[in-house]
Amino acid sequence: MPLIITFAHQKGGVGKSTLAVNLYGWFSYAGYNCALVDTDPQGSLTHLLAAFGTQDGRKSVPLIRRGEFGTYGELADKLGPFDIAVIDTPPYLSRELMDVLSISHAAIVPCKASPLDGLAVQHTMDYINEIRRTQNSALTAAVVMTMVIAGTEFTEQIRAHLIASGLTVLQAQIGNRVAYARSLLKGNSVKAEDGGKAWAEIEALGAEIVDLLNRSKL
Ligand SMILES: Nc1ncnc2c1ncn2[C@@H]1O[C@H](COP(=O)(O)OP(=O)(O)OP(=O)(O)O)[C@@H](O)[C@H]1O
Ligand SMILES: [Mg+2]
């Protein structure tokens with residue numbers, strides 16, 4: 001069974017698909033046999049990869065699409081040959097999301113660095129905590145601040161508020177960068193973008209998620 005990392009948030013447009021593609025890219029470049037799974041009926045990743053493919057000559061992305069598996073037990077079977085799976089999910093809380101989280105090892109909740117988004121994240125984390133309590137005690141969960149605008153103080157205020165509410169907030173944070181939007185056009189990672197600044201953020205995010213997973217096993 002591979003390590004399964006799922007991006008989830010009931011809000012749309014917070015960067016779930018973007019971070020899923022880039023984390024997939026990070027694991028692949030590190031030499032892991034990583035799968036990318038699109039469980040979103042919008043099929044954002046499926047459409048993107050079909051439209052643009054990978055434009056940098058690398059091997060094609062092993063994308064598992066919604067519709068290629070019936071139950072989430074079947075998905076787990078499909079993931080058998082992989083070391084790691086990164087799962088993208090739709091922007092709402094559903095029975096299906098519950099099923100995905102019940103086979104996941106980490107749930108990562110991207111939180112846009114704006115005050116209203118800081119409030120919205122709590123509800124998704126409550127939902128994840130309920131799944132941890134009732135179905136999957138091995139699930140670890142954390143918030144990642146994303147679309148952070150350089151030089152804004154309120155990111156730290158939101159981070160402090162979330163931590164004070166008992167949530168785990170990763171140190172790694174993702175900037176508001178055109179490079180991330182561009183990376184989606186390549187169905188790929190930000191490695192070659194923005195002089196490496198965005199990739200450094202993804203590296204820090206990946207390393208911290210791995211660390212979180214290691215610590216949760218203790
Ligand atoms: N760090 C970032 N900096 C700048 N733009 C970003 C960043 N992350 C995502 N975006 C842009 O924000 C938009 C929403 O991102 P994305 O589609 O990844 O969100 P999502 O949470 O998957 O949305 P949905 O819930 O609708 O599936 C996209 O246009 C994307 O290019
Ligand atoms: Mg999406």
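Where in the chain is the place of H9? H9 sits in the loop between β1 (3–7) and α1. This report describes a predicted model, beginning with the chain as a whole and returning later to H9.

## The chain as a whole

The chain contains 8 helices and 6 strands. Followed along the sequence, these elements appear in the pattern β-α-β-α-β-α-β-α-β-α-β-α-α-α.

The chain has 218 residues and a radius of gyration of 16 Å, which agrees with the value near 17 Å for a compact globule. Along the principal axes, the C-alpha atoms fill a box of roughly 45 × 40 × 35 Å.

## Inside and surface

Of the 218 residues, 51% count as buried. The exposed area of the chain is about 9,600 Å², with 54% of it supplied by carbon and sulfur atoms.

Many contacts link residues that are separated in sequence. Taking contacts between residues at least 6 apart in sequence, 77% join residues at least 24 apart.

## Surroundings of ligand 1

There are 19 residues around ligand 1, and G13, K16, S17, T18 and G175 come nearest. By type, the residues of this shell divide into 6 nonpolar, 9 polar and 4 charged.

Three residues can be described by their polar contacts with oxygen atoms of ligand 1. For G13, a backbone N or O atom lies 2.9 Å from such an oxygen. T18 uses its side chain, where a polar atom lies 2.5 Å from a ligand oxygen. Q42 also uses its side chain, with an N or O atom 3.2 Å from an oxygen atom of ligand 1. On its own, ligand 1 has 630 Å² of accessible area, and the protein covers 77% of this. Two elements, α1 (16–29) and α7 (178–185), give two or more residues to the shell. The largest share, 3 residues, comes from α1.

## H9 in its loop

The loop that holds H9 lies between β1 and α1, and α1 is also the helix that gives the largest share of the shell around ligand 1. Is H9 buried or exposed? H9 has a relative accessibility of 1%, and because buried means under 20%, H9 counts as buried.

What does the side chain of H9 reach at 2.9 Å? The partner is the backbone nitrogen of K11. Beyond the neighbours within four places in sequence, H9 is in contact with V14, K16, P90, P91, Y92, V109, P110, A120, V121 and T124. One of these, K16, is also among the residues that come nearest to ligand 1.

Terms used
Residues numbered from 1 in each chain as written. Chains lettered and ligands numbered in written order. Predicted model: local features only at pLDDT ≥ 70, side-chain atom pairs only at ≥ 80, totals over all residues. Heavy atoms only, no water. Near = heavy atom within 4 Å. Polar contact = N/O pair within 3.5 Å; in protein donor to acceptor, adjacent residues only side chain to side chain. Areas by Shrake-Rupley, 256 points an atom, 1.4 Å probe, with all protein chains shown as cover. Helix = DSSP H or I, 4+ residues; strand = E, 2+ residues; numbered from the N terminus. Nonpolar A, V, L, I, M, F, W, Y, C, P; charged D, E, K, R; others polar. Buried < 20%, exposed > 50% of the residue type's maximum accessible area, 1.4 Å probe, protein only. Contact = heavy atoms within 4.5 Å. Rg over C-alpha atoms; globule rule 2.2 N^0.38 Å.
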